[in-house]
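Please look through the sequence and the predicted model shown below, and keep both at hand while reading the paragraphs that follow.

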Amino acid sequence: METVLETPLKLKAMSTSECQSRLTAVGDALYVIGGKWKLRIIIALCEGHHRFNELQRVINGISAKVLSQELKDLEINGLAERRVTADIPVVVEYLPTSYSRTLQPVLEALGNWGMQHREKLREEAK
């Protein structure tokens, strides 16, 4: 495993107002995609799971009530689209929006960091 330098995280020198602006932006992002389920739902949608029951099956541990609320929140924030077809029976699908795909670099970075962190914990446990 690659060793990461033991230096403090420093993005770049910022003024207090720039730092506050950055903190606000991160807070806004976490408000929209934070929590236990939202990113998992977005990933499942982008991987092709579009029906409610399909999403509930693929996302282990999420209740129907929580999934329903999280999907509504994602719709409100433009990250998911609810599509109802008037066929018999009525089919409801949730689709990722093009806006949700702007999270791709974030999801890749989080996934990579998560794998790195899990490996670090395994190494420390030995």
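Lysine 38 belongs to helix H2, the element that covers residues 38–46. In this predicted model, the relative accessible area of lysine 38 is 8%, and because buried means under 20%, this residue counts as buried. Its surroundings can be followed by name: leaving aside residues up to four places away in sequence, lysine 38 touches Val32 and Ile33, and also Glu70, Asp73 and Leu74. With one of these residues, glutamate 70, there is a polar contact between side chains, and the distance given for that contact with lysine 38 is 3.5 Å.

The cysteines offer another point at which to pause. How many disulfides does the structure hold? The number is 0, and two cysteines may be considered with that in mind. Cysteine 19 has a relative accessible area of 34%, which places this residue in the partly exposed class, while cysteine 46, with a relative accessible area of 24%, is likewise described as partly exposed. Because the partly exposed class lies between the limits of 20% and 50%, the values of 34% for cysteine 19 and 24% for cysteine 46 both fall inside it.

Further along the chain, the reader comes to a pair of strands. Strand S1, made of residues 80–85, pairs with strand S2, made of residues 91–96, in the antiparallel sense, and the pairing extends over 6 bridges. Within this arrangement alanine 80 stands opposite proline 96, a residue of S2, and the connection from S1 to S2 is a hairpin that runs through 5 residues.

Notes: Residues numbered from 1 in each chain as written. Predicted model: local features only at pLDDT ≥ 70, side-chain atom pairs only at ≥ 80, totals over all residues. Heavy atoms only, no water. Helix = DSSP H or I, 4+ residues; strand = E, 2+ residues; numbered from the N terminus. Buried < 20%, exposed > 50% of the residue type's maximum accessible area, 1.4 Å probe, protein only. Polar contact = N/O pair within 3.5 Å; in protein donor to acceptor, adjacent residues only side chain to side chain. Contact = heavy atoms within 4.5 Å. Disulfide = S-S within 2.5 Å. Pairing = 2+ DSSP bridges.
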